[in-house]
Amino acid sequence: MMMARKQDVRIPTYNISVVGLSGTEKEKGQCGIGKSCLCNRFVRPSADEFHLDHTSVLSTSDFGGRVVNNDHFLYWGEVGRSLEDCVECKMHIVEQTEFIDDQTFQPHRSTALQPYIKRAAATKLASAEKLMYFCTDQLGLEQDFEQKQMPDGKLLIDGFLLGIDVSRGMNRNFDDQLKFVSNLYNQLAKTKKPIVVVLTKCDEGVERYIRDAHTFALSKKNLQVVETSARSNVNVDLAFSTLVQLIDKSRGKTKIIPYFEALKQQSQQIATAKDKYEWLVSRIVKNHNENWLNVSRKMQASPEYQDYVYLEGTQKAKKLFLQHIHRLKHEHIERRRKLYLAALPLAFEALIPNLDEIDHLSCIKAKKLLETKPEFLKWFVVLEETPWDATSHIDNMENERIPFDLMDTVPAEQLYETHLEKLRNERKRAEMRRAFKENLETSPFITPGKPWEEARSFIMNEDFYQWLEESVYMDIYGKHQKQIIDKAKEEFQELLLEYSELFYELELDAKPSKEKMGVIQDVLGEEQRFKALQKLQAERDALILKHIHFVYHPTKETCPSCPACVDAKIEHLISSRFIRPSDRNQKNSLSDPNIDRINLVILGKDGLARELANEIRALCTNDDKYVIDGKMYELSLRPIEGNVRLPVNSFQTPTFQPHGCLCLYNSKESLSYVVESIEKSRESTLGRRDNHSVHLPLTLILVNKRGDTSGETLHSLIQQGQQIASKLQCVFLDPASIHSVPPACQTPLGKWHRRFLLRP
């Protein structure tokens with residue numbers, strides 16, 4: 001029982017002989033029918049172990065070696081396979097052939113002297129110490145290959161694969177081959193062993209030959225036919241497994257797959273393996289400088305690599321790797337080329353920006369001109385070897401300069417022509433811009449305030465109109481409109497000044513009525529400077545109102561020329577040179593840092609200035625110190641009552657720089673004196689570098705006449721004082737405003753101090 005159980009689990013072994021047309025070239029043609037390739041692909045299916053060339057012409061020494069062993073058959077070795085029913089089996093494969101002497105070109109003499117047809121049908125093979133065959137290179141170099149002997153030196157054949165070459169063999173007649181195969185089959189049939197017809201080289205098969213082979217098999221007891229291609233590895237395993245099924249009837253029947261269906265399956269398998277392998281290569285190889293030896297070592301353990309090499313071989317795997325490397329290098333070079341070509345226009349702009357210099361130069365002459373430029377080496381690099389994309393410069397990532405031989409390429413020449421065209425277009429556009437500006441300046445149709453949409457119709461037929469973009473026209477037109485509008489406004493303001501009598505009848509601060517505006521427009525309507533602003537009526541009316549406001553409130557803020565107003569410019573000039581009292585006091589202060597100095601001019605007529613000066617001194621300490629709000633000031637007063645143009649009555653002297661001026665009046669005459677004195681003082685000091693009169697703080701003070709109780713006269717003086725204060729841009733104080741503040745600040749000096757010294 002134990003022995004039976006052991007026998008049950010033994011792996012079955014089958015001995016298969018591959019036979020077919022063999023012999024001299026006269027009998028089989030210039031090449032064999034593919035028996036060796038069929039055995040090779042089945043025993044060693046890996047692409048790297050498959051050999052297309054297996055010669056049958058041998059020297060006497062090779063024929064006598066241990067591989068051939070003076071026999072006309074080859075032992076291909078032992079193969080383990082799992083068949084369709086998932087049962088493991090072993091197969092010993094032999095190939096019956098006929099070896100030709102390379103000297104006589106006749107079959108080698110061997111121990112078996114029968115002809116091939118009888119010898120190939122042998123079911124008992126014996127050859128002591130015969131070695132397994134790999135390839136032709138093994139003969140004579142047996143020690144370099146694995147040395148595996150045919151088991152026990154003998155084999156009992158269980159079945160035959162009868163090969164028929166269906167390709168168009170050179171110097172071979174297919175009908176003669178079929179006749180040979182028919183005779184061979186008759187000899188094989190005598191053995192009673194299973195036979196399967198194998199059609200070889202179906203990848204080059206002739207349709208008639210395939211059809212005739214099937215007819216032959218059908219005529220011979222309906223033999224099984226398997227269409228194969230050892231080179232494409234199609235249906236090779238199927239041929240052997242079909243024979244095994246016939247040998248062992250207990251096995252399931254094998255399904256015969258037509259060649260083209262099997263080829264499609266094989267091609268899909270190879271395509272899938274190729275896609276996976278290419279993905280693996282693209283994932284591992286990122287640099288075009290990688291080499292096959294290092295990369296193949298990295299991929300050795302990857303199933304994607306193993307599967308593809310098994311199906312297609314190492315050389316094809318290497319070829320795909322090299323294609324990927326070539327693609328990476330090409331992409332790298334193209335990236336560099338794009339960078340260089342992108343930088344080339346910048347180099348042209350930097351080195352040859354002048355159209356006059358290159359207008360009539362070809363790219364070759366421009367190239368010579370570039371070399372003469374001082375900054376040539378900043379933009380270009382001259383390589384010893386060319387072309388640049390075949391040198392190591394492609395990997396010099398730190399050097400971004402353009403290889404100079406790139407200038408010899410068509411894209412560089414095109415970029416140069418583009419640069420020329422750009423310069424020519426820029427020159428033309430500049431000319432067109434000038435022409436457009438000149439057209440605007442000379443055209444009588446372009447008036448202030450005319451919209452672009454209306455103006456465009458007058459220039460659409462001009463030559464320059466098609467050269468510039470709409471935005472450029474609008475920009476130039478907008479700037480031109482601003483110029484002519486500003487000029488028209490300026491001329492209109494001059495017109496208003498010329499017709500100043502139109503505005504005298506208006507009451508103070510009163511806005512002109514519709515009737516008055518109508519009168520003004522009627523009077524000015526015939527003037528061209530008035531008509532020039534016809535499309536800007538709202539702005540024209542605003543200028544009239546602004547002019548009216550200026551006439552009755554002439555300040556630098558309401559001046560039509562602001563900020564170009566002369567008063568504003570003078571004020572700015574003086575302020576940049578004016579030394580503030582606090583700065584001067586810091587330089588001239590006494591030992592007490594809490595004491596500030598005040599130099600005050602008191603201007604008044606008929607004793608008003610001296611009287612106020614005496615009253616202020618009466619409020620000071622013995623050393624002319626004046627205290628207000630707890631702060632002590634050193635006070636220096638300069639009362640003036642005469643002609644201020646005289647040196648004795650000047651507002652400032654070499655030792656006295658005024659900080660402010662109190663202007664006193666109690667009548668129309670004394671008010672006129674104050675106004676005239678201020679104007680004379682300003683005129684006399686205008687243009688002097690030490691001029692402070694223009695910005696000297698002023699306070700206009702109405703002083704009550706003694707015994708005067710006329711409210712109407714007081715009201716008139718107050719109103720006149722307010723008007724004068726507005727013109728002089730100064731503070732106005734009347735008796736009521738002085739007495740409305742706390743007692744400590746009720747003096748004119750205190751009031752002036754609150755307005756000027758303590759303002760934030």
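Two strands count as paired here if DSSP finds at least two bridges between them. Strands (E, at least two residues) and helices (H or I, at least four) are DSSP runs, numbered from the N terminus. With that in hand, take Val-601: its bridge partner in strand 15 is Arg-638.

A word on the ground rules. This is a predicted model, where local features need pLDDT of at least 70 and side-chain atom pairs count only at pLDDT 80 or more, while totals for chains, interfaces and linings use all residues. Residues are numbered from 1 along each chain as its sequence is written, and side-chain values use heavy atoms, with hydrogens and water left out.

**Strand 13 and its partners**
- Strand 13 (residues 596-603) has 6 of its 8 residues buried (under 20% relative accessible area, 1.4 Å probe, protein chains only; exposed is over 50%, partly exposed in between), so the rest of the structure largely encloses it.
- Strand 15 (residues 631-640) pairs with strand 13 in the parallel sense, over 8 bridges.
- Strand 16 (residues 660-665) also runs parallel to strand 13, joined by 4 bridges, and Leu-662 there is the bridge partner of Ile-602.

**Strand 4 and its partners**
- Strand 4 (residues 88-96) is largely enclosed by the rest of the structure, because 7 of its 9 residues are buried.
- Strand 1 (residues 13-20) runs parallel to strand 4, with 6 bridges joining them.
- Strand 3 runs antiparallel to strand 4, with 9 bridges.
- Glu-95 of strand 4 stands opposite Val-18 and is also the bridge partner of Leu-74.

**Nonpolar cores**
- The largest nonpolar core (buried Ala, Val, Leu, Ile, Met, Phe, Trp, Tyr and Cys residues joined through side-chain atoms within 4.5 Å) has 42 residues, and those with the most contacts inside it are Val-19, Leu-162, Ile-164, Leu-184, Leu-188 and Leu-199.
- Elements that each supply at least two residues of this core include strand 3 (73-82), strand 8 (159-165), strand 9 (195-200) and helix 9 (259-284).
- Helix 6 gives the most to this core, at 7 residues.
- Another core, of 33 residues, lies apart from it; Phe-42, Cys-89, Val-198 and Val-226 are among its members.
- Leu-199 is in contact (heavy atoms within 4.5 Å) with residues including Ile-164, Ile-210, His-214 and Val-226, leaving out those up to four places away in sequence.

**The annotated helical stretch**
- UniProt (unreviewed entry) places a "coiled-coil region" at residues 413-440; such annotations may be inferred rather than shown by experiment.
- In the model, residues 413-440 are 100% helix and 0% strand, and the end C-alpha atoms lie 40 Å apart.
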